[in-house]
Amino acid sequence: MLSYRHAFHAGNHADVLKHFVQIQLHEYMNQKDTAYTYIDTHSGAGVYALDSGYASKNAEYETGIGPLWERKDLPKSLAAYVNVVKGLNPSGKMRYYPGSPYCADKMMREIDRLRLFELHPADSKILADNFRKVEEHAAQQGERPSGRGRRVLIERGDGFHAIKTLLPPPSRRALVLIDPPYEDKQDYRKVRDMLNDSLARFPSGVYAVWYPVLQRMESRQFADKLKRLPCKEWLNVTLTVTTPGPDGFGPLHSSGMFILNPPYTLEPTLREVMPYLVKVLGKDAGATFTIERGAQVTGTATTRLGANGTVRMPVGNARRASPTSGTGSLRLPGQAPAGTPGAAAGPRTPAKPGSQRPGGAPVRSSARPTAATAPTGRPGGRGPKRP
């Protein structure tokens, strides 16, 4: 579908979360001398005018970058994001908002490479024009790229498929941002399929997925399905700025960022910044955030932090799937099903020959000797199996 134009939503609270996290990921990647490749599967136009055109119609930036613009108490990591936006507005007046390609360009080094994809014909042309203007301005200032080859490559195409040609990157370091419109519910499936393939090609890459938190089934199940992807670690953060409407429609109230193979520095930063964003951007008592972290879901519970920083117990399938809980369809080898008398005592001890079972039936010994006892259950049992 080619009807989506991100300019309508430029600078809103979802963009704040997305680009703040993106900049933190770039800062981490920059700590090593080795070059890395940034891949943006759905780049958009790169830069958006806030005082005219699509962005001015709904003025969604007033729910995001607007309240942060003049704040003097910004946490250091959040200030790094706001400073990137202010760098695009040297006059001090908030007129332009940078998309993810611009944020990447400003945060990355000359040795690093940007690979940008955009399917919408108008936005793809605007993106190319914007980067050409940046290069022309740099040339006028006497700046010449020191790296070999082209640092920025822009292609009009479907990033879901184009990424296959780029992984693994030559330097074996990559940051991938995945931000489709989600207008088509198939986007949720496409994201998962693309990540499955990408992790098989390049398991050590850092993959960041933005997604809306909506009432539709695909959205509500999305994060849980991403937790089952074959990666070592994941981190999921959501930001809600207002209570959802009773019918689930209306302006976007909540969004999330799901990061596979996140840097160890990101979670502590989120713990510091997310309460601040809720305080500044929140519209009512429904404003909140969540932070979850864990490994690939295989039946073990993950740690979930609520807005007050306390650990939240897993709910729903995550709780029922715990093999140590003694409930649900999974149990430890030899453990009795839930509800069986004495089940809470743990795995059953085999009765001795000659004793009696409950009800008076004698226990018979086996006439066939065996070299080893086969397990009675599947060790490491898995729980029930985005975008």
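A crossover counts as right-handed if, with the strands pointing away from the viewer, the path from the first strand over the helix to the second runs clockwise. Keep that rule handy for the second view.

This is a predicted model, so local features need pLDDT of at least 70 and side-chain atom pairs count only at pLDDT 80 or more, while totals for chains, interfaces and linings use all residues. Residues are numbered from 1 along each chain as its sequence is written, and side-chain values use heavy atoms, with hydrogens and water left out.

**View 1. The whole protein, before we zoom in.**
Eleven helices and twelve strands turn up in the protein. These names come from DSSP runs, numbered from the N terminus: helices are H or I runs of at least four residues, and strands are E runs of at least two. Of the 387 residues, 46% are buried. Here, buried means under 20% relative accessible area, exposed means over 50%, and partly exposed is anything in between (1.4 Å probe, protein chains only). The accessible surface adds up to about 20200 Å², and 53% of that belongs to carbon and sulfur atoms. Those areas come from the Shrake-Rupley method with a 1.4 Å probe; for residues, only the protein chains shown count as cover.

**View 2. Strand E7 and its partners.**
How many residues of strand E7 (residues 206-212) are buried? Seven of its seven are, which makes E7 mostly covered. In a regular strand, side chains alternate between the two faces of the sheet. You can follow that here: Val-206, Ala-208, Trp-210 and Pro-212 point one way from E7, while Tyr-207, Val-209 and Tyr-211 point the other way. Two strands count as paired if DSSP finds at least two bridges between them. With strand E6 (residues 174-178), E7 pairs in the parallel sense over four bridges, and Val-176 sits opposite Tyr-207. With strand E9 (residues 254-260), E7 pairs in the antiparallel sense over six bridges, and there Met-257 is the bridge partner of Trp-210. Now for that opening rule: E6, helix H8 (residues 186-201) and E7 form a right-handed β-α-β unit.

**View 3. Pro-212, at home in strand E7.**
Pro-212 lies in strand E7. Why does Pro-212 count as buried? Because its relative accessible area is 6%. Contact means heavy atoms within 4.5 Å. Skipping residues up to four places away in sequence, Pro-212 touches Tyr-182, Tyr-188, Ser-219, Leu-252, Ser-254 and Ser-255. Take Ser-254: it is 42 residues away along the chain, yet the two C-alpha atoms are separated by 6.4 Å.

**View 4. Met-29 and His-13, two residues of helix H1.**
Met-29 is found in helix H1, and so is His-13. Met-29 counts as buried because its relative accessible area is 4%. Leaving out neighbours within four places in sequence, Met-29 is in contact with Tyr-36, Arg-109, Arg-173, Ala-174, Leu-175 and Val-206. The C-alpha atoms of Met-29 and Val-206 are 9.4 Å apart, although their positions lie 177 residues apart along the chain. His-13 is buried too, at 3% relative accessibility. Beyond its neighbours within four places in sequence, the contacts of His-13 include Thr-63, Gly-64, Leu-239 and Leu-281.

**View 5. A salt bridge across the chain.**
Side chains of opposite charge can pair when their charged atoms come close. The rule used here asks for a side-chain nitrogen of Lys or Arg within 4 Å of a carboxyl oxygen of Asp or Glu. Lys-18 and Asp-179 form one of these salt bridges, with their closest N and O atoms 2.5 Å apart. This pair links distant parts of the chain, 161 residues apart: Lys-18 is in helix H1 (residues 13-29), and Asp-179 is in the loop between E6 and H8. Both Lys-18 and Asp-179 are buried. Asp-15 joins Lys-18 and Asp-179 in a network of salt bridges.

**View 6. Two more salt bridges.**
Glu-218 and Arg-216 meet through their side chains at 3.3 Å, N to O, in a salt bridge. Glu-218 counts as partly exposed because its relative accessibility is 28%, and Arg-216 is partly exposed at 29%. The other pair is Asp-224 and Lys-227, with 3.1 Å from N to O. Which is buried and which is partly exposed? Asp-224 is partly exposed, at 37%, whereas Lys-227 is buried, at 7%.
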